[in-house]
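Biologist: I'd like a close look at just one part of this chain, please. Could you pick out a single strand and walk me through how it sits among its neighbours?

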Amino acid sequence: MDMQRVPFDHPDAVKLNDAVQLEYAERYGDGGDLTPLDPSMFLPPRGLYLIAYDGLGRPVATGGWRTQDRNDEGYSDGDAELKRMYVVPEARGLGLARRILAALETDARAAGRIRMVLETGDMQPEAIGLYTSSGYAPCAKFGYYREYPNSRCYAKPLTPEPGTSP
C-alpha cells in the first residue's frame, strides 16, 4: 500500500468522497454527510488528508483530520477532528483504515493537537468497532450532527509517543 498526502479536492479524494457520501446516503436514507468542509481545512499544519493506493495505483482508502478549537459546536481547544475515513468495499478487512487512523493520529500529535475527536452514526458498526478498538471512548456530542439521535461521538487523548517529549 502506498499512502500519500493529497489535497482534499484532489480528483482521487473527490472520487472517494463521492463513494463515502453514497454509502452514507444508503445507510441513513438521506443526502449523506452535510458537514461543511473546505479543502483549506486539511492543509498542514492545521490538518492533513491521506489516500491509500493499492499495488495497481487505484485509490482504495482515505481519511483526514482538521484543527478544531473551543466553539459553540462543542469542540475543545486542541482538538483534531477525524473526517472522511473510508475504505472501498473490495479493500476492506486489510487493515487500511487502522493504518490511516494511526498516521493521522501521529500527524495531529506532531502538529500539537491534544485530542482526536470524531463523529459517526449508529448505522456504522464497523466504524464504531475500529474506533473503540483503537482507544476511542464515547464523549459529549459535538459538531454538525450533535443534535441528531443516531449520532455517536468519540474522543482519544493524543498523548506523546513513548520516548518523546510532550
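Modeller: Starting at the N terminus, the elements come in the order β-α-β-β-β-α-β-α-β-β. That makes three helices and seven strands in this predicted model. The strand to zoom in on is E7, which covers residues 151-157. Is E7 mostly covered or mostly open? Mostly covered: five of its seven residues are buried, and buried here means under 20% relative accessible area.

Now for the neighbours. Strand E5, residues 115-121, is joined to E7 by seven bridges, and the two run antiparallel. If you want a spot to find by eye, look for Gly-121, which stands opposite Ser-151 in E7. Strand E6 is another partner: residues 137-138 make it up, and two bridges join E6 to E7, again antiparallel. Here you can look for Ala-137, whose bridge partner in E7 is Ala-155.

Okay, zoom back out to the whole chain. Buried residues make up 45% of its 166 residues. Take the contacts between residues at least 6 apart in sequence: 64% of them join residues at least 24 apart. What about overall size? The C-alpha atoms fill a box of roughly 40 × 40 × 30 Å along the principal axes. A compact globule of 166 residues would have a radius of gyration near 15 Å, and the chain has 15 Å, so the two agree. On the outside, the chain exposes about 8,500 Å², with carbon and sulfur atoms supplying 55% of that. As for charges, there are 19 positive and 24 negative ones, and their mean positions are 4 Å apart.

Note on methods: Residues are numbered from 1 along each chain as its sequence is written. This is a predicted model: local features need pLDDT of at least 70, side-chain atom pairs count only at pLDDT 80 or more; totals for chains, interfaces and linings use all residues. Side-chain values use heavy atoms; hydrogens and water are left out. Buried means under 20% relative accessible area, exposed over 50%, partly exposed in between (1.4 Å probe, protein chains only). Helices (H or I, at least four residues) and strands (E, at least two) are DSSP runs, numbered from the N terminus. Two strands pair if DSSP finds at least two bridges between them. The radius of gyration is taken over C-alpha atoms; the globule rule is 2.2 Å times the number of residues to the power 0.38. Contact means heavy atoms within 4.5 Å. Accessible areas come from the Shrake-Rupley method with a 1.4 Å probe; for residues, only the protein chains shown count as cover. Lys and Arg count as positive and Asp and Glu as negative; His and the chain ends are not counted. The place of a charge is taken as NZ of Lys, CZ of Arg, CG of Asp or CD of Glu.
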